[in-house]
Amino acid sequence: MNVAHLNQLLLEASVILLFAVVAVRFSTRSGLPSLLIYLGIGVALGQNGIGVTFNNAELTQVLGYAALVVILAEGGLKTSWREVRPAMPAATVLATVGVGVSVFVTAAGAHWLVGLDWRTSLLLGAIVSSTDAAAVFSVLRMVPLPHRLTGLLEAESGFNDAPVVILVVAFASTGELDSWYVLLATIAAELAIGAAVGLAVGKLGAFAVKHVALPSSGLYPIAVVALTVLAYAGGALLHGSGFLAVYISAVILGNSKLPHGPAVRGFADGLAWIGQIGMFVLLGLLASPETMGDAVVPALVVGGVLVFLARPLSVVLTLTPFKVPVREQALLSWAGLRGAVPIVLATIPVVSGAHKADDVFNIVFILVVVFTLLQGPTLPWMAKRLRIGEGAMGQDLDIESAPLEKLHGHLLSVTLSPTSRMSGVEISELRLPKGAAVTLVVRDGSSFVPDKATMLRGGDELLVVTTDEVGEAAERRLRAVDKGGKLAGWLNGR
């Protein structure tokens, strides 16, 4: 490749990326899921559009896996353990037993209604039974649901990729299929190894990042993302679930009060957007719309079975024992969004040369496009009709902690949301622990040193200096006032 060719490729890639970024704004205003726009870009660039020839399913699979690692890492880093922990048992059962129910019911529909053989039906059921982390995380940021539901959906989408990948690889193999008990034992072993690797990398990585003072703040985001990739690689090399390892390690790192936390999450967010855009565009390039005509009816039938029967049945069977209300079960059934994950998984049988692999890919592609277009924009309407999310809290208080090693303290950068209940609270009413003080307030572009009677407003940015001993207590207090107002602590014991 000569320099001129490289320059041309960079120009084309930058134009596509800029166009995709603008498309994000359009998608948020129109309510259309952004993945459909990116897929459309890929299709428009392909052989039926501009004429770019691309048919490398193996490369798409590899890059898709890499993008999924970054997307899961970003989702884990932004997942609040406080919100996810109560939902963890239910999410684990839904992501394992629920996936099994969904696979079997969808496969039965594909076999009896579409006429596919059982092995192809099971392969198709496994591919489409995983909810997509990118789609779920992006939609949850726009729908104000109660924390218990967002936590359950986030944990499920982070966990269910692992068992589904194992099932897809097994069903896509060209040899004899293992016995069901061998398959279950393999899934259990890989999940256990992945969880152990994720815990180890997350705990050790958090300890290292906290205690090793890096020479530049810009190195902290790189180090944290590198640790999540290490978790994936370690889990995969040990024949465990790398996807589970990366998500667990990211959740631990994201909840460990790391230095420059918001910068880390912002960096991961940017990488995840690049991963999503690149993955969807590649998948759109790989698709051949002229060959998909025969797959439309099977895709609609299988998708209907999945969305209106398999997903609700898996939710009811797995969440009823946890006493999840019926209205919330209905919303969780509709919120099982599919995205790029099923399309990436559909490249596995193509690469392995499985029976009817091209037909499976076409069915999955159409299914994802149609039912994402149906479910994504209507999820806020569904939540409103079910009266779920009314009065839900807005975004959490944004606190960035920077270590002051020589002074044995921390500098907290606190950003109040416009709806924060800290608005109207005086500095003295924050009741910060001894050893913590608000030293600067930035308001409407100007800064000033506050006194005890200074009243805070939504949108303010605060600089809070704390000693090492009271740093975490100061953060807890600030978050409590953000949620409960000036009486937080007096009324609820926080």
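A residue is called buried here when its relative accessible area is under 20%, exposed when that area is over 50%, and partly exposed in between. By that cut-off Glu 74, with a relative accessible area of 3%, is buried, and the same scale is applied below to other residues of this predicted model.

**Overall picture**

The protein averages a pLDDT of 83, with 85% of the residues scoring at least 70. Confidence is not even along the chain: helix H1 (residues 3–30) has the lowest mean, 61, whereas helix H14 (residues 296–319) has the highest, 95. Where pLDDT is low, the predicted coordinates should not be read in detail.

The secondary structure comprises 18 helices and five strands. Of the 494 residues, 51% count as buried, and the accessible surface of the protein comes to about 22600 Å², of which 65% belongs to carbon and sulfur atoms. Contacts that are distant in sequence are frequent in the count: among those between residues at least 6 apart, 77% join residues at least 24 apart.

**Salt bridges**

A search of the whole structure finds five salt bridges, and three of them are set out here.

| Pair | Closest N to O distance |
|---|---|
| Lys 78 and Glu 74 | 3.3 Å |
| Arg 311 and Glu 156 | 2.6 Å |
| Glu 475 and Arg 479 | 3.8 Å |

The pair formed by Arg 311 and Glu 156 has its closest N and O atoms 2.6 Å apart. Because Arg 311 lies in helix H14 and Glu 156 in helix H8 (residues 147–159), this salt bridge ties together parts that are 155 residues apart in sequence. Both Arg 311 and Glu 156 are buried.

The pair of Glu 475 and Arg 479 is instead placed within one element, helix H18 (residues 471–484), where the two residues are four apart, about one turn of the helix. Glu 475 is buried, with a relative accessible area of 7%, while Arg 479, at 23% relative accessibility, counts as partly exposed.

Lys 78 and Glu 74 also pair a partly exposed residue with a buried one: Lys 78 has a relative accessible area of 34%, and Glu 74 has 3%. These two residues do not stand alone, for Glu 74, Lys 78 and Asp 269 are linked in a network of salt bridges.

**Surroundings of Ser 333**

Ser 333 is found in helix H15 (residues 326–334). With a relative accessible area of 9%, Ser 333 is buried. Once its neighbours within four places in sequence are left aside, Ser 333 is in contact with Arg 311, Pro 312, Val 315 and Gln 375. Arg 311 therefore appears twice in this account, as a contact of Ser 333 and, from helix H14, as the partner of Glu 156 in helix H8.

**A nonpolar surface patch**

On the surface, Phe 104, Trp 112, Leu 113 and Trp 118 make a nonpolar patch of about 520 Å². Helix H5 (residues 88–114) supplies the largest share of this patch, three residues. One of the patch residues in helix H5 is Phe 104, which at 51% relative accessibility counts as exposed because the cut-off for that class is over 50%.

Technical notes: Residues are numbered from 1 along each chain as its sequence is written. This is a predicted model: local features need pLDDT of at least 70, side-chain atom pairs count only at pLDDT 80 or more; totals for chains, interfaces and linings use all residues. Side-chain values use heavy atoms; hydrogens and water are left out. pLDDT is the predictor's confidence in each residue, from 0 to 100. A salt bridge is a side-chain nitrogen of Lys or Arg within 4 Å of a carboxyl oxygen of Asp or Glu. Buried means under 20% relative accessible area, exposed over 50%, partly exposed in between (1.4 Å probe, protein chains only). Patches are made of residues with over 30% relative accessible area and no salt bridge: like charges are joined within 9 Å, nonpolar side chains (Val, Leu, Ile, Met, Phe, Trp, Tyr) within 5 Å. Accessible areas come from the Shrake-Rupley method with a 1.4 Å probe; for residues, only the protein chains shown count as cover. Contact means heavy atoms within 4.5 Å.
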